[in-house]
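Here are some short exercises to work through with the model open beside you. Try each task before reading its solution.

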Amino acid sequence: MGSRLLNIQRRTAEHGRLRTGYTQGNRPVRSATWVITSHAEEHVRRAADLWGGEPEQWTPLNSSISQWRVITKAPAIEALITPGDPLNQYNEMWSKGGCQRRCDGETELLTRQPCICAARFGEDWHHQKKGTVCSATSRLNVMLPDLSGMGMWRAETHSFYAASEWGGMVDMVLAGTRGDGFVPVTLRIEPRQRVANGETKKFPVVVVELRGVTPRQALAGPMTAAVALDPAGGGQAVAAIEAPKGRDWIADAKGALTSDDVRDLWMEAQAAGAVHHKGTDPLSKQLMAIAAEKDAETRAEAEPGPDADGAYEAEVIDEEPGERQSTHWPVAAQPGSGARR
């Protein structure tokens with residue numbers, strides 16, 4: 001028993017559905033705003049608090065089990081793409097008896113026959129009347145971070161145009177995250193229209209957009225959950241993590257040969273905004289101290305040492321560090337100088 005359990009695929013419970021339409025009696029109605037449905041009243045009432053609308057009990061067509069729903073006032077909601085592959089896409093045909101066809105675009109998977117719609121109507125089969133061909137069915141599992149529970153919510157669309165866009169977006173995200181970590185997105189219902197054969201057809205399309213992060217950040221690798229939950233505040237942290245490491249001015253200064261080299265390094269740091277032009281910041285002080293050490297090293301190398309008897313060949317005059325520093329260091333970098341650029 002234990003060994004069989006190890007082979008069971010992990011799956012998060014589904015809390016409910018995100019819909020772009022609802023029913024009035026037996027009549028389907030398209031919605032310009034999100035419709036949230038769930039068996040749990042708590043989830044629906046919380047959704048109403050967040051996005052408006054009145055919670056109500058509702059029974060789906062061809063079902064005797066009552067659920068809860070709210071027709072919100074929000075055309076866009078915040079969500080998280082979770083680890084793994086969140087998208088499921090097939091061309092499907094349903095009836096009261098259940099799913100009659102499920103095709104991957106090449107093979108009808110229930111009968112293992114070649115795509116029936118393409119064989120009958122050609123590559124533009126999706127322009128045919130609904131009910132005569134399969135519907136491009138896309139199911140995207142997301143987490144709604146502001147609702148209670150750790151389960152998933154399923155957004156479903158039968159739009160041929162949304163199918164390609166969802167697939168493209170998810171593929172790019174997975175290319176960056178490799179299915180690890182969370183990605184903040186916005187699910188937005190966008191009204192569109194298409195003109196064909198002299199007729200204008202209006203329809204809604206669900207668009208999946210990155211939220212609070214740039215494509216660079218989304219493709220750079222998995223994000224932490226904290227950043228995904230708060231991209232507005234965590235976006236800067238992501239950028240800082242992903243940006244190349246800043247120059248190590250201290251290490252470069254210690255590796256310099258002379259105090260003049262350190263001085264030039266200070267000028268570079270000033271141009272890069274790493275030090276203040278007054279020279280009173282900690283980095284400037286560290287660089288000045290290193291420059292003084294370089295001066296001391298230079299003097300020690302230039303000055304002759306004592307002979308075997310401890311005598312010097314020439315008189316040694318010690319120079320005050322401050323005098324040497326002021327000679328070689330930019331005036332603007334000296335503490336208290338008050339100099340300006």
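A contact here means heavy atoms within 4.5 Å. Please keep in mind throughout that this is a predicted model.

**Exercise 1. Find which residues Trp-249 touches beyond four places in sequence, and decide whether Trp-249 is buried or exposed.**

Solution.
- Step 1: locate the residue. Trp-249 belongs to helix H8, residues 249-254.
- Step 2: apply the contact cut-off. Leaving aside residues up to four places away in sequence, Trp-249 touches Leu-265, Glu-268, Ala-269, Ala-272, Ala-274, Leu-283 and Leu-287.
- Step 3: check the accessibility. Buried means under 20% relative accessible area; Trp-249 has 12% relative accessibility, so it counts as buried.
- Step 4: add a distance. Ser-284 is 35 residues from Trp-249 along the chain, and their C-alpha atoms are separated by 9.9 Å.

**Exercise 2. Test whether the length of helix H4 agrees with its number of residues, then describe its surroundings.**

Solution.
- Step 1: work out the expected span. H4 covers residues 160-177, which is 18 residues, and at 1.5 Å a residue it should span 26 Å. The factor is applied to one less than the number of residues.
- Step 2: compare with the model. The end C-alpha atoms of H4 are 26 Å apart, which agrees.
- Step 3: list the buried positions. They are Ala-162, Ala-163, Trp-166, Gly-167, Met-169, Val-170, Val-173, Gly-176 and Thr-177.
- Step 4: ask what covers them. The cover includes strands E6 (87-95), E10 (135-143), E11 (152-157), E12 (183-196) and E13 (199-210), together with helix H5 (215-219).
- Step 5: look just past the helix. Arg-178 follows H4, and its phi is positive, near 55°.

**Exercise 3. Identify the strands that pair with E5, and the residues that stand opposite Leu-80.**

Solution.
- Step 1: take E12. Strand E5 (residues 76-81) pairs with E12 in the antiparallel sense over 6 bridges. Here Leu-80 stands opposite Pro-184.
- Step 2: take E10. E5 and E10 also run antiparallel, joined by 2 bridges. In E10, Met-143 is the residue opposite Leu-80.

**Exercise 4. Describe the second largest cavity and say which element gives the largest share of its lining.**

Solution.
- Step 1: count. The whole structure holds 2 cavities of 30 Å³ or more.
- Step 2: size. The second largest cavity has about 30 Å³ of space.
- Step 3: lining. Among the residues that line this cavity are Ile-81, Pro-83, Val-173, Leu-174, Thr-177, Asp-180 and Val-183.
- Step 4: share. H4 supplies the largest share, 3 residues.

**Exercise 5. Examine the backbone at Arg-112.**

Solution.
- Step 1: place the residue. Arg-112 is in the loop between strand E8 (107-108) and strand E9 (113-114).
- Step 2: read the angle. Its phi is near 65°, a positive value in a residue other than glycine.
- Step 3: check exposure. The cut-off for exposed is over 50%; Arg-112 has a relative accessible area of 59%, so it is exposed.

**Exercise 6. Decide where the coordinates call for caution.**

Solution.
- Step 1: take the chain as a whole. Its average pLDDT is 76, and 78% of the residues score at least 70.
- Step 2: find the weak stretches. Residues 1-9 stay under 50 and have 0 contacts beyond four places in sequence. Residues 303-341 also stay under 50, with 51 such contacts in the model.
- Step 3: conclude. Where pLDDT is low, the predicted coordinates should not be read in detail.

Definitions and conventions
Residues are numbered from 1 along each chain as its sequence is written. This is a predicted model: local features need pLDDT of at least 70, side-chain atom pairs count only at pLDDT 80 or more; totals for chains, interfaces and linings use all residues. Side-chain values use heavy atoms; hydrogens and water are left out. Helices (H or I, at least four residues) and strands (E, at least two) are DSSP runs, numbered from the N terminus. Buried means under 20% relative accessible area, exposed over 50%, partly exposed in between (1.4 Å probe, protein chains only). pLDDT is the predictor's confidence in each residue, from 0 to 100. Two strands pair if DSSP finds at least two bridges between them. On a 1 Å grid over the protein atoms alone, a cavity is a set of points where a 1.4 Å probe fits but cannot get out, and a pocket is an open set with protein on both sides within 12 Å along at least five of seven lines; lining residues have an atom within 4 Å of a point. Grid points are joined across faces, edges and corners, and a volume is the space filled by probe spheres set on the points.
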